[in-house]
Amino acid sequence: MNWFNEFVLPEAKSTYASDVDALFFFLNASSFVIFAGTMIAIVYFILRYRRKSENDQTPLITHNTTLEIAWSVIPLILVLIVFGWGFKGHLEMRNVPDDAYEVKVTGFKWAWRFNYANGAVSPNELHVPAGRPIKLVMSSTDVIHSFYVPDYRMKQDVVPGRYTTVWFEAPEPGESIVFCTEYCGTSHSDMMAKVIVHEPEDFKLWLESNKAPTKIENPIAYGETMVKDNACLTCHSLDGSEMVGPSFYGVFGRAEVMADGTNLTVDENYIRESILNPQAKIVEGYAPVMPTYQGAFTDEQIGAIIEYLKTVK
Ligand code: CUA
């Protein structure tokens, strides 16, 4: 069974993954046995009971009680096993252990952000300690996304206007990929993150060294943090390469042609407007897909982003 799971499924890296795999294997195996039995019977009956001459008569058979009970009771037992097994697994996945470490997850077009109790923020990387249950409290700022980690056999919708929770425990340090599995627009397929499982000691160190900057002492550094933490770089490159949105490389002071044919030079006001009302002036050749950040940033934060963008060249 292990060789089969390893062949068809990604490596099982959470505490409950092997239960999910076992049930999946049982469903496959029992389906295969029933399928093979049905096919063999069909072929056998075709050969055995085919009409051999013009005068061949079909014998009159009304019913067979033993057979009918068997083909009702055996499938009933099978589905009850699947129900009981699945329900047990479902309860295990829904009931978060009391000592779980909590991380806040935000899904937005088109990235994931992870917030920790001490103020640390990590865009597109979920850092967790090994051997400890992790509770994710998740929400979306725009449309429905879905948080899916195949290695953990874990998937949960992330919905705007409410919180959903899910938990997992990864016994070993390592890395796994997170996918968004709810179609959410242009860069849905790029909406990926990584789970990085640390040794508990290393996780403490990571958490300490990633404490959030609390004050805007250095606007350029703060602006850089804002840009990275809000995953602006999912759509805007820093090196001039083409992505969903115009590159940040040399953006400040750049002369752009807009979709409506007008020209403008990128200045403070244009950047501010593009953050708060992204559809107002679209650079030619780009799709109007950026979500608004109205209400999400303070003027001070927007100012810091502008100061940082001036330095990207
Ligand atoms: Cu987010 Cu698809």
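Here are three short exercises on this predicted model, each with a worked solution. Residues are numbered from 1 along each chain as its sequence is written, and local features need pLDDT of at least 70.

**Exercise 1.** Work out which strands stand at the edges of the open sheet of 5 strands.

*Solution.* Start with the order, which is S4-S10-S9-S6-S7 with mixed pairing; strands are DSSP runs of E with at least two residues, and helices are runs of H or I with at least four. Two strands pair if DSSP finds at least two bridges between them. Strands S4 (125-129) and S7 (154-158) each have a single partner strand, so one side of each lacks a neighbour in the sheet. To finish the picture, the twist averages 20 degrees from one strand to the next.

**Exercise 2.** Describe how S4 and S10 pair, and what packs there.

*Solution.* First, S4 pairs with S10 (residues 193-198) in the parallel sense over 5 bridges. Next, pick one bridge: histidine 127 has isoleucine 196 in S10 as its partner. Then add helix H4 (residues 200-209), which packs on the sheet and touches S4 and S10, where contact means heavy atoms within 4.5 Å. The direction of H4 makes about 130 degrees with that of S4; axes are lines fitted to C-alpha atoms, for helices over the stretch in contact, with angles from 0 to 180 degrees between N-to-C directions.

**Exercise 3.** Are cysteine 180 and threonine 225 buried or partly exposed?

*Solution.* Take the cut-offs: buried is under 20% relative accessible area, exposed over 50%, partly exposed in between (1.4 Å probe, protein chains only). Cysteine 180, at 7%, is buried. Threonine 225, in helix H5 (residues 219-229), is partly exposed at 26%.

Technical notes:
This is a predicted model: local features need pLDDT of at least 70, side-chain atom pairs count only at pLDDT 80 or more; totals for chains, interfaces and linings use all residues. Side-chain values use heavy atoms; hydrogens and water are left out.
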